[in-house]
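Let's take a look at a protein model together. Have the sequence and the 3D view ready, and follow along as we go.

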Amino acid sequence: MNISNKLRRGGFTLVEIMVVVAIIGLLMSVATVGINHAIKTAKAQTCNMNIEAIEGAKQMWMLEAKKGDNDTATEDDLKVHLKNNAFPTCPSGGTYTSNNTTTRATCSVHAAASTSGVPANQ
Ligand SMILES: [Zn+2]
């Protein structure tokens, strides 16, 4: 047995290693796209839940302060009705506009949220 036969046994060729690396790269790119989409969806849903909380706080403020349909609450008015007495922040860095009591609150990043639970442009 010569040296080249000894080295050949139990090892992988360059082509085999390249094929494995290519397959791993392909799987990684597919996973990355899926994970990015999941993160984007989760942020949009969190934002929508924050808007729902703001809407609830607006309703409570409206009842408590005996306000009408076209009155607009400030962040400070709503804070007392929100968790930890804090105005929620959008996970994507958007800012919320509470609007008046007949108009749904909006996020600057996630545009007008739909009532189905997922904002229009996620
Ligand atoms: Zn948002």
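What follows is a short tour, from the overall layout down to single residues.

First, some ground rules. Residues are counted from 1 along each chain, in the order its sequence is written. The model is predicted, so local features are described only at pLDDT of at least 70 and side-chain atom pairs only at pLDDT 80 or more, while totals for chains, interfaces and linings use all residues.

**The overall layout**

The protein has 3 helices and 2 strands, and along the sequence they come in the pattern α-α-α-β-β. Here helices (H or I, at least four residues) and strands (E, at least two) are DSSP runs, numbered from the N terminus. Of the 122 residues, 16% are buried. Buried means that 20 or more other C-beta atoms lie within 10 Å of the residue's own; exposed means 12 or fewer, partly exposed is in between, and the C-beta atoms are placed from the backbone. Two residues are in contact if their C-beta atoms, placed from the backbone, lie within 7 Å. Of the contacts between residues at least 6 apart in sequence, 53% join residues at least 24 apart.

**Helix α2 and the core**

Now find helix α2, which covers residues 14-64. The expected span of a helix is 1.5 Å times one less than its number of residues. For the 51 residues of α2 that gives 75 Å, and the end C-alpha atoms are 74 Å apart, so the two agree.

Which residues of α2 are buried? They are A44, C47, N48, N50, I51, I54, A57, K58 and W61. Their cover includes α3 (75-79), β1 (96-97) and β2 (106-107).

Many of these names come back in the largest nonpolar core, whose 11 residues are A44, C47, I51, I54, A57, W61, A73, L78, Y96, A105 and C107. Helix α2 gives the most to this core, with 6 residues. A nonpolar core is a set of buried Ala, Val, Leu, Ile, Met, Phe, Trp, Tyr and Cys residues joined through C-beta atoms within 7 Å. In soluble globular proteins, nonpolar side chains tend to be buried together.

**A few single residues**

Most residues other than glycine have a negative phi. K66 has a positive phi of about 50° although it is not a glycine, and N84 has a positive phi of about 60°, again without being a glycine. Here is where they sit:

| Residue | Place | Other C-beta atoms within 10 Å |
|---|---|---|
| K66 | loop between α2 and α3 | 7, exposed |
| N84 | loop between α3 and β1 | 7, exposed |
| T89 | loop between α3 and β1 | 13, partly exposed |

T89 and C107 are 18 residues apart in sequence, and their C-alpha atoms are 9.6 Å apart. In helix α3 you'll find D76, which counts as exposed because it has 9 C-beta neighbours inside 10 Å. D76 and F87 are 11 residues apart along the chain, with 8.1 Å between their C-alpha atoms.

**How confident is the model?**

pLDDT is the predictor's confidence in each residue, from 0 to 100. The protein averages 86, and 84% of the residues score at least 70. Among the elements, helix α1 (residues 3-8) has the lowest mean pLDDT, 56, and α2 the highest, 95. Over residues 113-117 pLDDT stays under 50, and there the model has 10 contacts beyond four places in sequence.
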